[in-house]
Amino acid sequence: MLLTLGLDSSMGGMESILTGICDYFKDFFQRTRHSRLVLTATICLLSFCVGLVNCTPSGIYTFQWFDTFAAGVSLLFVAFFEAIAVAWFYGIEQFSVDITEMLGAPPGLFWRLCWKFFSPLFLLTAIVAAAITFPTLKYDSYMYPQWATTAGWVFSLSTTILIPIVAIIQMAKSKGTLSQKVGLSISPARDQERIRRGGAIARFHGRHWRYIGPI
């Protein structure tokens, strides 16, 4: 059971990385034969080499370090930003329209309230609680040095910090006034041409932020 559970978890993480890389460099992977196979083998080999560290005599200490910092607060941060991006920036109104087109029925009030309020609030509370109650890093009687804890937090937040960095870069690359740059950064692709021509930015209107939908 543990073997199949590990394989299942690895496949999910592997596919997310492969899909992201293949989508970003789509032209290259479409014209290059066996490129996805080579990429998959390369990532598997790199992951295997990194995993060998945990098989050394001191591997349990690095395993404990990875287990503590690899997928904790960083995942909560990413989920929080995703909830804000979908429910607030993209908007519950348009997201409900998309759900209706896919399922044939609009989402209920409960789901809209969860997406807009409950989920972001719960995630934010969990992040704050995790930061406040973070235990001292140790394994049995061994206490990790302070530099290991600092390196762990840097490692954990290295993925999260990319979200605001990329947002700032996208704003800097956009053309137009400051309001147009912000509007282009938080608006879907279909609205961006209208914003570039000087049209109204729906995300700057109060109705967009207050919208919950029919009760």
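Where in the structure is the place of Val 97? In this predicted model, Val 97 belongs to helix 5, which covers residues 73–103. Its relative accessibility is 36%, so Val 97 counts as partly exposed, falling between the limits of 20% for buried and 50% for exposed residues. Val 97 can also be placed relative to Ile 186: the two residues are 89 apart in sequence, and their C-alpha atoms are 18 Å apart in space.

Ile 186 leads on to another residue, Arg 203, because Ile 186 is among the contacts of Arg 203 when neighbours within four places in sequence are left aside. Arg 203 sits in the loop that runs between helix 10 (189–196) and helix 11 (206–210). With a relative accessibility of 5%, Arg 203 counts as buried, since the limit for that class is under 20%. Its other contacts, with the same neighbours left aside, are Phe 89, Tyr 90, Ser 187, Pro 188, Asp 191, His 208 and Trp 209. For Phe 89 there is a further detail: its backbone oxygen lies 2.8 Å from a polar atom of the Arg 203 side chain. Trp 88 offers another view of this region, as its C-alpha atom is separated by 8.8 Å from that of Arg 203, although the two residues are 115 apart along the chain.

Asp 191, already named as a contact of Arg 203, is also its partner in a salt bridge, with the closest N and O atoms 3.1 Å apart. Arg 203 is in the loop between helix 10 and helix 11, while Asp 191 is in helix 10, so this pair ties together parts that are twelve residues apart in sequence. Both Arg 203 and Asp 191 are buried.

How many salt bridges does a search of the whole structure find? The search finds six, and the pair of Arg 203 and Asp 191 is one of the salt bridges in the model. Another is formed by Glu 15 and Arg 36, whose closest N and O atoms are 3.0 Å apart. This pair links distant parts of the chain, with Glu 15 in helix 1 (residues 2–24) and Arg 36 in helix 3 (residues 35–51), 21 residues apart. Glu 15 counts as partly exposed at 32% relative accessibility, and Arg 36 is partly exposed at 34%.

A further salt bridge joins the side chains of Arg 197 and Glu 193, with an N to O distance of 3.9 Å. Here Arg 197 counts as exposed, with 63% relative accessibility, whereas Glu 193 is partly exposed, with a relative accessible area of 44%. Salt bridges that share partners also join Asp 191, Arg 194 and Arg 203 into one network.

Helix 3, the home of Arg 36, can be checked with a little arithmetic. At 1.5 Å a residue, its 17 residues should span 24 Å, because the expected span is 1.5 Å times one less than the number of residues. The end C-alpha atoms are 24 Å apart, which agrees with that expectation.

Which residues of helix 3 are buried? They are Ser 35, Leu 39 and Ile 43. These residues cover an arc of only 70 degrees around the axis, so they lie on the same side of helix 3. On the other side of the helix, Leu 37, Val 38, Leu 45 and Phe 48 are exposed.

Technical notes
Residues numbered from 1 in each chain as written. Predicted model: local features only at pLDDT ≥ 70, side-chain atom pairs only at ≥ 80, totals over all residues. Heavy atoms only, no water. Helix = DSSP H or I, 4+ residues; strand = E, 2+ residues; numbered from the N terminus. Buried < 20%, exposed > 50% of the residue type's maximum accessible area, 1.4 Å probe, protein only. Contact = heavy atoms within 4.5 Å. Polar contact = N/O pair within 3.5 Å; in protein donor to acceptor, adjacent residues only side chain to side chain. Salt bridge = Lys/Arg side-chain N within 4 Å of Asp/Glu carboxyl O. Arc of directions from axis to C-beta.
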